[in-house]
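Colleague: Before I rely on the labels attached to this model, I would like to hear how each of them was reached. Could we go through the reasoning together?

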Amino acid sequence: MPNSLNPLELIARRWQPSAAFVRRTALATVVMAVIIVVTGGAVRLTQSGLGCSTWPTCTPESLTPTSAMGINGLVEFGNRTLTGVLCVVVGVFIIAARARHPRRRSLTRLGWAQFWIVMINAVVGGITVLTGLNPYIVSSHFLAATALLTVAVLSWKRAGEGDEEPRDLVARPVRQLGWLLVAATGALTVIGSIVTGTGPHAGDATKIDHRIPLNWQEITQLHVDFVYIVVGLTVALWFTLRAVKAPAAPRRMVLELFACIALQGVIGYVQYFMGLPELVIGFHMLGSALVWICVLRVCLSLRDRGPLQEQDPDESAPSGEQEAPEPQVASASSR
């Protein structure tokens, strides 16, 4: 019965988005996830981590920043506002994925996974403020944003492929090399967040001594060591793909990854020898997100799920003769 349908099912009965629209909304979630990573870094680098003194409001008396809080309050509140924009973008993706026919439950699950990660990270962000920028919480805040980016990239990939069982495009050892590259890059990202927690940019000038008690130079050297590991694995994967005559797409993506890593390496050395200038660190955070996207794309390109099933024109928005069986479709999807 129509009254038993939830809002997403009602939308699905009246709107049939194209496959291209679903892919664009999935890509939009990737873009917004990158923006959240970069703007989150901007909050820390501009010493605006406590621009809003509490959470979820900006001050105990006001939801928004006051003029007395200056630019730091605007930066911090602006980052919180972007979280709302991110929720809208993720919501559009969930609705579009749900309304798409035939229904793809795996895609809607990825959309809901993004939504819950956003909610969890918003709480972590609030805890960051309430604990006075605890460096461990700050690092976990960044890693949660990276988790969101991961699911967004998976959503983007799934939105452009079919639902067949994954089929390897290369031998299993080659795929394992790809997963090893993902693991090494993930470790590199985690170590990078620890470097941030030991460095001089605490997010607020009054918290400069409130850092992770590790030697900054030693943890930075460990970070550099993992960069070399990632570079070595990338080169090894490219030569392996050439040796096994892998499809052109994975080889091209490995080259894109190598170019991104090279640029990120240049930025890393510049920030190190220039004494960690804020603007360069911001570009380094952007590069970190882009490297992670490239690594995920490389790994996902090593398997195939078949072509995307396009919607049959006769199965578009229900009307006329097709209205009779529609309640059965809706009833089945609600179970």
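**Cysteines and helix pairs**

Modeller: Let me begin with two cysteines, bearing in mind that this is a predicted model: both C52 and C58 are buried.

Colleague: What makes the pair C52 and C58 a disulfide?

Modeller: The sulfur atoms of C52 and C58 lie 2.0 Å apart, and a pair of cysteine sulfurs within 2.5 Å is counted as a disulfide, so the two residues are taken as joined. The link has a rotation of -80° about the S-S bond and is left-handed. By this rule the count comes to 1 disulfide.

Colleague: How do you know that C260 is in no disulfide?

Modeller: The nearest cysteine sulfur to that of C260 belongs to C294 and is 4.4 Å away, whereas the cut-off asks for a pair within 2.5 Å. C260 nevertheless counts as buried, because its relative accessibility is 15% and the limit for that label is under 20%.

Colleague: Why is C299 without a bond to C294?

Modeller: The closest cysteine sulfur to that of C299 is the one in C294, and at 13 Å it is too far for a bond. C299 has a relative accessible area of 4%, and is therefore called buried under the 20% limit.

Colleague: C299 also takes part in a helix contact; why are the helices α6 and α9 called roughly antiparallel?

Modeller: Helix α6, residues 172–198, and helix α9, residues 278–300, pack at an angle of about 165° with their axes 9 Å apart. Since angles over 145 degrees count as roughly antiparallel, α6 is roughly antiparallel to α9, and their crossing is left-handed. On the α6 side the contact includes R175, W179 and G186, while V291, W292, V295 and C299 meet them from α9. By class, the residues of this contact divide into 7 nonpolar, 3 polar and 1 charged.

Colleague: Why do α3 and α4 receive the label roughly antiparallel?

Modeller: The axes of helix α3, residues 70–99, and helix α4, residues 105–130, come within 8 Å and cross at roughly 165°. That angle is set against the threshold of over 145 degrees, and α3 and α4 are therefore roughly antiparallel to each other. The crossing of α3 and α4 is left-handed. Among the residues making the contact are E76, R80, L86 and F93 of α3, together with L107, W112, F115 and M119 of α4. The contact of α3 with α4 has 12 nonpolar, 4 polar and 3 charged residues.

Terms used. Residues are numbered from 1 along each chain as its sequence is written. This is a predicted model: local features need pLDDT of at least 70, side-chain atom pairs count only at pLDDT 80 or more; totals for chains, interfaces and linings use all residues. Side-chain values use heavy atoms; hydrogens and water are left out. Axes are lines fitted to C-alpha atoms, for helices over the stretch in contact, and angles run from 0 to 180 degrees between N-to-C directions. Helices (H or I, at least four residues) and strands (E, at least two) are DSSP runs, numbered from the N terminus. Angles under 35 degrees count as roughly parallel, over 145 as roughly antiparallel, 65 to 115 as roughly perpendicular and the rest as oblique. A crossing is left-handed if the near helix is turned anticlockwise from the far one by less than a right angle, and right-handed if clockwise. Contact means heavy atoms within 4.5 Å. Ala, Val, Leu, Ile, Met, Phe, Trp, Tyr, Cys and Pro count as nonpolar, Asp, Glu, Lys and Arg as charged, and the others, Gly among them, as polar. Buried means under 20% relative accessible area, exposed over 50%, partly exposed in between (1.4 Å probe, protein chains only).
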